[in-house]
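Trainee: Please take a close look with me at a single part of this model, and then connect that part to whatever surrounds it.

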Amino acid sequence: MTKLELKKFQTTLLSRQSELEGLIRNREAAAIETSADALDQIQHAVERELALGTLARESVGLRDTRAALRRMDDGAFGACIDCEEEISLKRLAAVPWAARCIPCQERADREKVKGDDSEPLQAEAA
Ligand SMILES: [Zn+2]
């Protein structure tokens, strides 16, 4: 991977990081909002349920993004965390925070227990 490519991925990851941080902050603020109106409260509870699901996904996304930026600092970005082979640029272009090459990700997806949090393999990355 060239320095320029690396820089591009870093830019993408940094902007995703701040985007997710902003979303999560807003959602946390919304989750503690209260309403005096009973009907509003019911509506709000439903929204909060939905928001918590989204929040969980965003938190995972943020964690993966931060981990990718850390690997970049360590000079390990672009290498699979399982087999240490290079992750294809095509896959990284689709999923810049990918920690594994496709075969290892597929294996990890198969082995993962319910409720695991790794990034699902995106179809266009194949
Ligand atoms: Zn691998």
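**A99 and its surroundings**

Mentor: A99 counts as buried, because its relative accessibility is 16% and buried means under 20% relative accessible area, against over 50% for exposed and partly exposed in between, with a 1.4 Å probe and protein chains only. The model is a predicted one, in which local features need pLDDT of at least 70 and side-chain atom pairs count only at pLDDT 80 or more, while totals for chains, interfaces and linings use all residues. Residues are numbered from 1 along each chain as its sequence is written, and side-chain values use heavy atoms, with hydrogens and water left out.

A99 sits in the loop between α3 and α4, where helices are DSSP runs of H or I with at least four residues, strands are runs of E with at least two, and both are numbered from the N terminus. If residues up to four places away in sequence are set aside, A99 touches R71, A79, C80, I81 and I87, contact here meaning heavy atoms within 4.5 Å. The C-alpha atoms of A99 and G78 are 7.6 Å apart in space, with their positions 21 residues apart in sequence.

One of the residues that A99 touches, C80, leads straight to the metal site. The zinc ion is coordinated at 2.3 Å by the SG atoms of C80, C83, C101 and C104, donors being N, O and S atoms within 2.8 Å of the metal, or 3.2 Å for Na, K and Ca. Along the sequence these donor residues follow the spacing C-x2-C-x17-C-x2-C. The angles among the four donor atoms run from 104 to 116°, and the site is tetrahedral, a label given to four donors if all angles lie between 85 and 135 degrees. Of the donor residues, C101 and C104 are both buried. The loop between α2 and α3 holds E84, which has a positive phi of about 65° although E84 is not a glycine. Unlike A99, which is buried at 16%, E84 counts as exposed because its relative accessibility is 67%.

C104 also belongs to helix α4, residues 102–111, whose buried residues are C104, Q105 and A108. These three cover an arc of only 100° around the axis, which puts them on the same side of α4; the arc is taken from the directions from the helix axis to the C-beta atoms. The general background is that an α-helix has 3.6 residues a turn, so residues three or four places apart point the same way. The buried residues of α4 pack against α3.

From here it helps to turn to the two helices that come earlier in the chain. A68 lies in helix α2 and is buried, with a relative accessible area of 0%. Apart from neighbours within four places in sequence, A68 is in contact with L13, F77, P96 and W97; A68 and L13 are 55 residues apart in sequence, yet their C-alpha atoms are 7.7 Å apart in space. W97 is also among the contacts of R16, together with G61 and T65. R16 lies in helix α1 and counts as buried at 17% relative accessibility. G61, found in α2, is buried with a relative accessible area of 3%, and G61 is in contact with R16 and L20 beyond its neighbours within four places. Q17, placed in helix α1, residues 3–31, is likewise buried at 17%, and its contacts beyond four places in sequence are L62, T65, R66 and L69.

For the chain as a whole, there are four helices and zero strands. Of the 126 residues, 31% count as buried, and residues 24 or more positions apart account for 57% of the contacts with a separation of 6 or more.

As for confidence, the mean pLDDT of the chain is 86, and 81% of its residues reach 70 or more, pLDDT being the predictor's confidence in each residue, from 0 to 100. Among the elements, helix α2, residues 38–74, has the lowest mean pLDDT at 88, and helix α3, residues 89–94, has the highest at 96.

Key. Tetrahedral: all angles 85-135°; square planar, octahedral: opposite > 155°, others 65-115°.
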